[in-house]
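The following exercises are to be worked through with the structure in view. Each task is followed by a solution in steps.

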Amino acid sequence: MRYISTRGQAPALNFEDVLLAGLATDGGLYVPENLPRFTQEEIASWAGLPYHELAFRVMRPFVTGSIPDADFKKILEETYGVFSHSAIAPLRQLNGNEWVLELFHGPTLAFKDFALQLLGRLLDYVLQKRGERVVIIGATSGDTGSAAIEGCKHCENVDIFILHPHQRVSEVQRRQMTTIFGENIHNIAIEGNFDDCQEMVKNSFADQSFLKGTRLVAVNSINWARIMAQIVYYFHAALQLGGPARSVSFSVPTGNFGDIFAGYLARNMGLPINQLIVATNRNDILHRFMSGNQYVKETLHATLSPSMDIMVSSNFERLLFDMHGRNGAAIAGLMDTFKSGGGFSVDEERWTETRKLFDSLAVDDAQTCETIAEVYAQTGEVLDPHTAIGVKAARECRRSLDIPMVILGTAHPVKFPDAVVKAGVGKALELPVHLVDLLEREERCTVLANDLKAVQAFVSQHGNRGKPL
Ligand SMILES: Cc1ncc(COP(=O)(O)O)c(C=O)c1O
Ligand SMILES: N[C@@H](CCOP(=O)(O)O)C(=O)O
C-alpha cells in the first residue's frame, strides 16, 4: 500500500514511513493511493468476530508490505486487550432504532484510545526495529492528549510533548494528562486556543531545525494511522445491526473531521452507510459548509463540549481532496486561501454530490444540556456533552426511521461533570477504579505563551528524556 499527499507534491510513502511522517512535506495529509474495497460477502463473513480480529481484517490492506500479519495480529490483540468492556465498543439502545456506540471503554475514557493505544504499539514496534528515537508534538482540546500519553508512555524511543489550551479543557481531562509522570512526558498549557496549539504542531513539521535531526511524529489525526484505526468500529457497529445486508446511518460529534472521515472511508470500502451526520457545537464551520457551501473561519468559542472547540478542521482537507477528483494542486490552492484568512465554496455540483451522504447540525450549549436531560429522563443514561450533540443532530437530521441510526458515543460523561450538572442530572458519576484518586494526584505542567519559538525552545531543551536534544 502506498500513500500520497493531498497537495500532490510530496513523495509517496509506504505505511511505515507514513506512520512516522505526520504531515507531508508539502503541508498536505497522507491518504491511501487506492482504497481497498471489500465485497458484501466478505464483510458478512466477519459477523461475530472478536473486535481485534475484525480490526485485523479491516486494517490489513493498509499495513501490507510494512508489518507482517503475525506481528500485526499480536499488536491488535494487545491493543484491544486493555479495554474494560468485553465487547470493546458496545452498542446501547436508546430508542427503537437509535443506538449509541460506546467508544469510551478504553484507558482514558474517550474514542481516541481506539487509535492511540494502537499507534503507541505500532511506534514501539517500528522504532525498535529501526533503532531510532523520535519526538512527538501533539495538540489537544482535551482527549487526544491523555490518550496519546497513555498510548506512548512506555515507548522507549519516544519523547512526547502535548500542547493543550490553558484553562480550556475540563479538570478531569487536564489531570488525565498532567498526573502521568515520566522523563519522556511533557505537558504544556498554551495561553491560546486549540487552533493555536494545532497550528504550532503543523508549523513544527514545516521547519524541524529545532529538533537537531531528531524525527518529528504526529499523534493527531493528521497521522493516517489514527484514521485507519477509527474505520474499524463503523464495520463493528454495522455488523451488529444487520449490515452489510442492511444499511446503517451514523451521527458523529465532529471537530477535526477525523472520526467522521473514517466513516466516509468505511462506506467507500464497501460498508453500506446511508447517511453521515456532521454534529458540531457552536464552532460550526463544518456545519456551515455542509448546509451552505461556505468554508469560512470565525472566532473560536469555549463551549460545554470543549473537545470540539475547533475551527480549523484538519481532516476536512482529506474530503476536499476526494471532492476535487484527487487534484493536489486544487487543494493546495484552497488551503492557501484558507490559511491567509479567506473562505471558499466549492463547485456546486461537487457540493451537491457530497450532500447526498452528509447532513449536519450545529448544537449550542443550551440544546446540549436539554439533550442530556431528555435522554436521561427517557432512558436513565447519562450522555457526555459531545455524544449529546450527536444525539440531537441524529434526531433532527435523520432521513429514515427504518434505517438504524448509530450515534458515536465519543467520551464518558465523567470527564465533563460541569455539563452534566448544568443539564440538571442528579446522578453521581464515578471515576473508574484506575482513576479514582485522579482529583488528588500531583500535577506537572508548564504554562507557555502562545509563541511557537518558546514551544520549540522548550522541546529542544527537554526532547531527549528531559535533557537537551
Ligand atoms: C469527545 C470527543 N468527541 C468528538 C470529537 C471530535 O472528533 P474529530 O475531531 O475526529 O471530529 C473529539 C475530538 O476530536 C472528542 O474528543
Ligand atoms: N478533540 C481532539 C482534538 C484533536 O483532534 P485529533 O483527532 O486530530 O487528535 C482532542 O480531544 O484533543
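Two residues are in contact if their C-beta atoms, placed from the backbone, lie within 7 Å. The model used throughout is predicted.

**Exercise 1.** Determine which residues K112 touches, leaving out those up to four places away in sequence, and whether K112 is buried or exposed.

*Solution.* Begin with the location: K112 is found in helix α5, which covers residues 112–130. Next, apply the contact criterion: K112 touches D143, T144 and A147. Then count neighbours: a residue is buried if 20 or more other C-beta atoms lie within 10 Å of its own. K112 has 34 C-beta neighbours inside 10 Å and therefore counts as buried. Finally, consult the record: an unreviewed UniProt entry places the feature "modified residue: N6-(pyridoxal phosphate)lysine" at K112.

**Exercise 2.** Describe the residues that surround ligand 1.

*Solution.* First, the shell holds 15 residues, of which the closest are D143, N256, G258, S307 and T410. Second, sort the shell by character: five residues are nonpolar, eight polar and two charged.

**Exercise 3.** Identify which helix gives the largest share of the largest nonpolar core, and examine one core member, I372.

*Solution.* The core has 149 residues, and Y30, I136, Y234 and I372 touch the most other members. Helix α9 (residues 224–240) supplies the largest share of this core, 12 residues. Burial comes next: 15 of the 17 residues of α9 are buried. Lastly, beyond its neighbours within four places in sequence, I372 is in contact with L383, P385, A388, A419, V420, A423 and V425.

How values were computed
Residues numbered from 1 in each chain as written. Chains lettered and ligands numbered in written order. Predicted model: local features only at pLDDT ≥ 70, side-chain atom pairs only at ≥ 80, totals over all residues. Near = placed C-beta within 6 Å. Nonpolar A, V, L, I, M, F, W, Y, C, P; charged D, E, K, R; others polar. Core = buried A, V, L, I, M, F, W, Y, C linked by C-beta atoms within 7 Å. Buried ≥ 20, exposed ≤ 12 C-beta atoms within 10 Å, placed from the backbone. Helix = DSSP H or I, 4+ residues; strand = E, 2+ residues; numbered from the N terminus. UniProt positions renumbered as here; feature names shortened; annotations may be inferred.
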